[in-house]
Amino acid sequence: MTRISDRLNIHIDRLGARLRMFRTAYLRWQDAHMPESVELIIIALLLGIFTGMAAAALKGLISLLNNSILAGVHIGKPNIRFLIWPLAGILLTSIYQRYVIGHSVARGTKIISDTLKSGDYRMSPFFIFNPIVGCSVTIGTGASGGSEGPTALSGAAIGSAIGRWFGVSRDWMRILVGIGGGAGIAAIFKSPFGGVLFALEVLQLELTTLPVIALILACLLSSSTAYFLSDFTFDIFFDRAFTTDAHTFGWIVVLGFFCGLYSIYYTYTKKKATGFFGRIRNPWIAAVTTGVILSVAVFMFPTLFGEGMNIITDLINGRNVSFTDSGILARHTAPLWTFVALGTIILMKGVLVAAANGGGGVSGDFVPTFFAGAVAGYLFASLCNMLIGTELPVWFFALAGMGSVMAGTIHAPLMAVFILCESTDTFCFIVPYLIAVGISYATVKILTPRSWESDTSHDDLLSLMSDKWTPALRTSDKKPQDQK
């Protein structure tokens, strides 16, 4: 075995030496013959394609695990498997991060933001794969989180790796890390302009014409690649028609205010839960605590299992969704119990998202706001119809609630509007979306003016006043940046 291992190491060293020689020769040819504009297009092309492939791989792994666990679930009674798998997933992900890779890949947006602020933009190539593995186990086994943060982190690492290969300047290394993060968001939501606005609003990249062109190109390619690899389907499929009227617009204003208030509550409970889990010193106690919380929540209300894209799709298409089947409220079909389930779900969601990351899991924060917003909008319209006698289209209020809660919690209203329009293919509703999202965001900023997005410490209003700049693409001495 030792001889085989030694021979393998020798072959790996030889391959590495040959790759370094090839890269050095390529960089010399590149500096002499390739215009910077062509080089930029190639970089954006590679970054977009590889990030789209990473997003498709993550979605495929999550779907595979979800389908395996949900196969054979009994409708109409509680299922013990929901008490087992979320806890098992958190424990497995904790072991993976602690003993296999030796570092945390949770809270991908925060890692990207910290990298952009650190001045060292050379991310480890293992960040390309580690978030994908960790998130697929966490979300695939039922934790209540999202897949966008790990994909953004993987995209940022891809951007850093491509930048090192092409020997770009330090300033452009920073830009490519941010572009990779935006491409990851674009791929996971299949929303190219949502990814662009993530980089501009959330990561607050300071860009002018040339970097913005690279960002747009990478996001278009990443979302197109993910769309192609998913058989040309969206995760949230919408197939209804709707004609708005003044009566509905009035209630959309009220919905925006309601979602703004809920966003404040969601952010508060998520922050407090994150602080609580962070104070648990023993990592295994933290893993068991968060795993048990997630398992019990999913056991009580199975609609909390995983990302919940299927629930969102049913809500916005007006299909019947039972929030009491297969949980502790199974066989309780009275409307009162449905409202109890809906209220409990939106009250718990922020804590569950914190638990998915706080004890060793790997997940994102954006998709859960979509789920919470859809349920909040559905609950709001249903209560209005029952108590006041209105005839509001509950599915449409679920749609508008998605963007409203995302804007209020992430502090990125433009990103929320475009992700909502692109991921559901509902640009025809952009006017009511703008009303609901704008009022929700304004409510949050008026009532909690000092609030910000915790992972990046950003306030969207401040990001609009950033200075813009464009650095040189290559280093002045023409030397690669990854030799250390």
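Buried here means under 20% relative accessible area, exposed means over 50%, and partly exposed is in between. Keep that in mind as you click around, and remember that this is a predicted model.

**Stop 1: a pair to practise on**

Select Asp120 and Arg122. Aspartate 120 has a relative accessible area of 38%, so it counts as partly exposed. Arginine 122, at 31%, is partly exposed too. Their side chains meet in a salt bridge, 3.3 Å from N to O. The whole structure has eight salt bridges.

**Stop 2: a bridge across the chain**

Now pick Lys59 and Glu307. Their closest N and O atoms are 2.9 Å apart, which makes this another salt bridge. Lysine 59 sits in helix α2 and glutamate 307 in the loop between α11 and α12, so to speak two distant parts of the chain, 248 residues apart. Are these partners buried or exposed? Lysine 59 is buried at 17% relative accessible area, and glutamate 307 is buried at 7%.

Next, go to Arg319 and Asp314, where the salt bridge has its closest N and O atoms 3.1 Å apart. Arginine 319 is partly exposed at 36%, and aspartate 314 is partly exposed at 21%. Then add Lys190 and Asp235 to your earlier Lys59 and Glu307: salt bridges with shared partners join these residues into one network.

**Stop 3: the largest pocket**

Select Arg107, Lys270, Thr274, Gly275 and Asp455. Of the 47 residues that line the largest pocket, these lie nearest its centre. The elements giving two or more residues to that lining are α3 (81-100), α10 (246-278), α11 (283-300), α13 (335-358) and α15 (394-410). Colour α10 if you want the top contributor, with 11 residues. The pocket holds about 1,200 Å³ of space. Colour its lining by residue type and you should find 16 nonpolar, 21 polar and 10 charged residues.

**Stop 4: the second largest pocket**

Move on to Asn66, Leu70, Gly308, Met309 and Asn310, the closest to the centre of the second largest pocket among its 36 lining residues. Here the space comes to about 880 Å³. Which helix gives the most to this lining? That is α2, with nine residues. Helices α2 (36-70), α7 (170-189), α9 (209-229) and α12 (309-316) each supply at least two. By type, the lining divides into 17 nonpolar, 13 polar and six charged residues.

**Stop 5: a covered helix**

Select residues 130-140, which make up helix α5. Nine of its 11 residues are buried, so to the eye the helix is mostly covered. Among the buried ones are Pro131, Ile132, Cys135 and Ile139. To see what does the covering, show α2, α3, α6 (148-166) and α13, which are included in it. Just past the end of α5, click Gly142, where phi is positive at about 115°.

**Stop 6: two cysteines that don't pair**

Finish with Cys421 and Cys428. Why is there no disulfide between them? A disulfide needs the two sulfur atoms within 2.5 Å, and the sulfur of cysteine 421 is 8.4 Å from its closest cysteine sulfur, in cysteine 428, so the gap is too far for a bond. The two also sit in contrasting surroundings: cysteine 421 is buried at 0% relative accessibility, whereas cysteine 428 is exposed at 62%. Across the structure, the disulfide count is zero.

Definitions and conventions:
Residues are numbered from 1 along each chain as its sequence is written. This is a predicted model: local features need pLDDT of at least 70, side-chain atom pairs count only at pLDDT 80 or more; totals for chains, interfaces and linings use all residues. Side-chain values use heavy atoms; hydrogens and water are left out. On a 1 Å grid over the protein atoms alone, a cavity is a set of points where a 1.4 Å probe fits but cannot get out, and a pocket is an open set with protein on both sides within 12 Å along at least five of seven lines; lining residues have an atom within 4 Å of a point. Grid points are joined across faces, edges and corners, and a volume is the space filled by probe spheres set on the points. Helices (H or I, at least four residues) and strands (E, at least two) are DSSP runs, numbered from the N terminus. Ala, Val, Leu, Ile, Met, Phe, Trp, Tyr, Cys and Pro count as nonpolar, Asp, Glu, Lys and Arg as charged, and the others, Gly among them, as polar. Buried means under 20% relative accessible area, exposed over 50%, partly exposed in between (1.4 Å probe, protein chains only). Contact means heavy atoms within 4.5 Å. A salt bridge is a side-chain nitrogen of Lys or Arg within 4 Å of a carboxyl oxygen of Asp or Glu.
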